[in-house]
Amino acid sequence: MSIDFRNEIRNLEPYRPGKPIKDVKREYNLNKVIKLASNENPLGCSPKVKEAIINTLDELAIYPDGNSTELKETLASTLGIDVNEILPSGGSDEMIDLIAKTYIDKDDEIIMADITFPRYIQTTEMMGGTPIIVPLKEFTFDLKGILERITNKTKIIWICNPNNPTGTMITEKEFVDFITNVPPKVLVISDEAYREYVTRDDYPFNTVELSKKHPNLLVMRTFSKAYGLAGIRVAYTIGNKDILENINKVRGPFNVNILAQSAAIAAIKDTEFLKKSYKANLEGKNYLYSEFDKLGFNYAPSETNHIFVNVGRNGQEVFLELQKRGVIIRPMKGDFIRVSIGTMEENSLFIEKLKEVLL
Ligand SMILES: Cc1ncc(COP(=O)(O)O)c(C=O)c1O
């Protein structure tokens with residue numbers, strides 16, 4: 001079909017998800033397949049969330065509250081901010097897209113790391129912006145390098161803290177020094193998808209406060225990871241009300257569905273579930289670290305629910321060999337793979353199969 005489309009779309013690649021478990025089972029004739037590829041919560045979600053979803057099922061015939069009022073109020077009172085300083089979205093993926101549509105003009109420069117979450121570069125290119133890539137240093141953000149790349153064309157800086165896929169984090173001091181040196185007309189987004197898993201106390205847990213002091217800072221959080229709600233698509237962003245109001249103009253009228261709103265409200269209230277997820281993740285991380293140490297593998301210190309590890313053999317090859325054996329991970333550049341931390345049973349199965357492939 002030769003209907004003209006926007007030039008910016010020409011070189012974009014569609015998102016290619018990994019194979020679902022059932023396809024891998026069929027292709028390799030396997031009974032058991034585990035997926036440690038998408039940083040999901042192996043514990044599922046809170047039972048209270050399931051109850052809230054069931055209680056909402058009778059309302060499926062009606063549109064959701066387009067303003068997500070109760071969700072905003074619950075978040076606002078939990079975080080001690082105003083309802084106008086919060087904007088829910090259908091996952092952070094949607095928010096990344098909305099921010100790009102709202103703020104990126106053709107030829108604006110958008111600064112991001114390499115490697116980091118791929119949607120930042122894709123949405124930049126989609127809008128005709130120019131990605132400015134600053135390589136990581138020691139697996140983590142080179143904040144000085146980022147500051148040096150700011151020009152009068154810079155519109156947005158994407159900070160993923162802790163970073164996907166490396167799992168590394170920026171400290172509070174580093175972040176405060178950084179944000180203080182960014183010109184106020186440059187939008188900084190702190191993508192905190194994994195913050196609930198952070199174990200170090202020098203992490204900038206206070207970004208909500210920082211966004212009051214620095215109105216050019218948006219803080220993006222999601223229910224997809226530690227809350228175990230990746231399938232329902234809900235996240236929220238905190239920041240200056242005028243910035244959020246601009247983004248609000250661009251979003252679809254009912255972008256957070258009715259089940260997602262109920263689920264998120266129940267999820268926020270179940271802090272016990274979060275503690276359980278944190279504990280299980282830490283236990284799994286320590287187990288995987290000790291196995292990697294025994295194998296002599298180098299890995300980046302992770303403050304997330306995934307580990308970026310050098311397995312000493314091409315990541316793509318290792319991915320395919322593991323997949324044949326019923327373990328799905330994510331291949332990375334060179335000899336690196338990214339593995340999500342699963343249940344202890346999944347973690348030990350992964351190690352068993354990894355040894356089979358490599359030794
Ligand atoms: C850093 C980061 N940001 C955003 C997302 C998207 O999350 P959501 O499920 O909320 O769209 C992910 C998902 O993997 C992520 O790792």
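Reader: Which residues come nearest to the ligand?
Author: This is a predicted model, in which local features need pLDDT of at least 70, side-chain atom pairs count only at pLDDT 80 or more, and totals for chains, interfaces and linings use all residues. Residues are numbered from 1 along each chain as its sequence is written, and side-chain values use heavy atoms, leaving out hydrogens and water. A residue is near the ligand if one of its heavy atoms lies within 4 Å of it. Of the 13 residues around the ligand, those that come nearest are D191, Y194, T222, S224 and R233.

Reader: How far is the side chain of K225 from an oxygen atom of the ligand?
Author: Y194 has a polar side-chain atom 2.6 Å from a ligand oxygen, and S224 has one at 2.6 Å from a ligand oxygen. For K225, the distance from a side-chain N or O atom to an oxygen atom of the ligand is 2.8 Å.

Reader: Is N39 buried or exposed?
Author: N39 lies in the loop between strand 1 (34-35) and helix 2 (47-56); helices (H or I, at least four residues) and strands (E, at least two) are DSSP runs, numbered from the N terminus. Buried means under 20% relative accessible area, exposed over 50%, and partly exposed in between, with a 1.4 Å probe and protein chains only. Because its relative accessibility is 1%, N39 counts as buried.

Reader: With which side chain does the side chain of N39 make a polar contact at 3.2 Å?
Author: The side chain of N39 makes a polar contact (a pair of N or O atoms within 3.5 Å; within protein, one must be able to donate a hydrogen and the other to accept it, and residues adjacent in sequence count only if both atoms are side-chain atoms) with the side chain of Y194 at 3.0 Å. At 3.2 Å, the partner is the side chain of H306.
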